[in-house]
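Reader: I should like a close examination of the side-chain pairings in this structure, with charged contacts treated before aromatic ones. Please set out the geometry of each pair together with the accessibility of its partners.

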Amino acid sequence: QRLGQRVEALVQVAEEVREGHLDVRAAASDRHDEIDTLAESFNRMLASLAEHAQALQAASTYSHNLIEGNLDPLVVLTPDGRITDLNQAAERVSGRTRAALIGTPFADCFTEPERARALCEQVLRDGTVHDYPLSVADAAGLQPYMLNNATLLRAPDGQVSGLLVSGRDVTERQRLDDALRRYKDRLEAEVPQRTADLVLARNATAAAHQAKSAFLANMRHEL
């Protein structure tokens, strides 16, 4: 009966571990028999699991802090293009919360979804993408203009586990470029007209000089 109780205690510890409680330990007696040996082995395994869990948690926290510490929008995607993680900068530029974006298609965040899907396809094909332009379909309707860089994320076995996309808001720069382009176009359109006006003015001046010369010559002849 006592042996059965000790085995039952080990089973209970195993159940707690299965539920995620890695801080539990199996009780050992002073008998130093097979059950105690099993309990001690079980405890060593639990200590190792707890250590690995702490290391994973530390790595996860570190990665999360890196993402959140970036001032540019960062988005993590599944290979098929669904959002699994993002930072606060991505929330701000989209005007949507993290909860609203997690699990949604990345392409739906932009005014041209087909071009956003093409970005994902290009990353999967080439491994990286640089300065890929997209306008965000943000909640406020401002449509920020982003230049996006993207790369593959790989699991320890080398398989593609996802995509990391970072965006840089260049809306103001794009607005200035558009203004300069419009000014240049206007100047180019005005140059032929200005040139024609100058030609007319030059011809009119030449004609006036000719008329003046003819008039003076005629006056001298009359005198």
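Author: The answer below takes the salt bridges in turn and then the aromatic rings. The model is a predicted one, and its salt bridges number 8. In general terms, side chains of opposite charge can pair when their charged atoms come close.

A pair that spans separate elements makes a suitable beginning. Asp 85 and Arg 98 are joined through their side chains by a salt bridge, with an N to O distance of 2.7 Å. This contact links distant parts of the chain, since Asp 85 belongs to strand β2 (residues 83–86) and Arg 98 to helix α4 (residues 98–101), with their positions 13 residues apart in numbering. Asp 85 has a relative accessibility of 17% and is therefore buried, the limit being under 20%. Arg 98, at 33%, is partly exposed.

Next comes a bridge between Arg 125 and Asp 126, whose closest N and O atoms are 3.4 Å apart. This separation satisfies the criterion because a salt bridge requires the nitrogen to be within 4 Å of the carboxyl oxygen. Arg 125 counts as exposed because its relative accessibility of 59% is over 50%. Asp 126 has a value of 46% and counts as partly exposed.

A further bridge is found inside a helix. Glu 172 and Arg 175 are both part of helix α6 (residues 171–222), where they stand 3 residues apart, or about one turn of the helix. Their closest N and O atoms are separated by 2.5 Å. Glu 172 is partly exposed at 47% relative accessible area, and Arg 175 is likewise classed as partly exposed, at 45%. Elsewhere, Arg 6, Asp 33 and Asp 36 are connected into one network by salt bridges that share partners.

The aromatic rings complete the account. A pair of aromatic rings is described by the distance of the centres and the angle of the planes. Searching the whole structure yields 1 aromatic pair. The rings belong to Phe 106 and Phe 110, with their centres 4.9 Å apart and an angle of 65° between the planes. The arrangement is edge-to-face because that angle is over 60 degrees. Phe 106 is buried, with a relative accessibility of 3%. Phe 110 is buried as well, at 8% relative accessible area.

Notes
Residues numbered from 1 in each chain as written. Predicted model: local features only at pLDDT ≥ 70, side-chain atom pairs only at ≥ 80, totals over all residues. Heavy atoms only, no water. Helix = DSSP H or I, 4+ residues; strand = E, 2+ residues; numbered from the N terminus. Buried < 20%, exposed > 50% of the residue type's maximum accessible area, 1.4 Å probe, protein only. Phe/Tyr/Trp six-rings, centres within 6.5 Å; stacked < 30°, edge-to-face > 60°.
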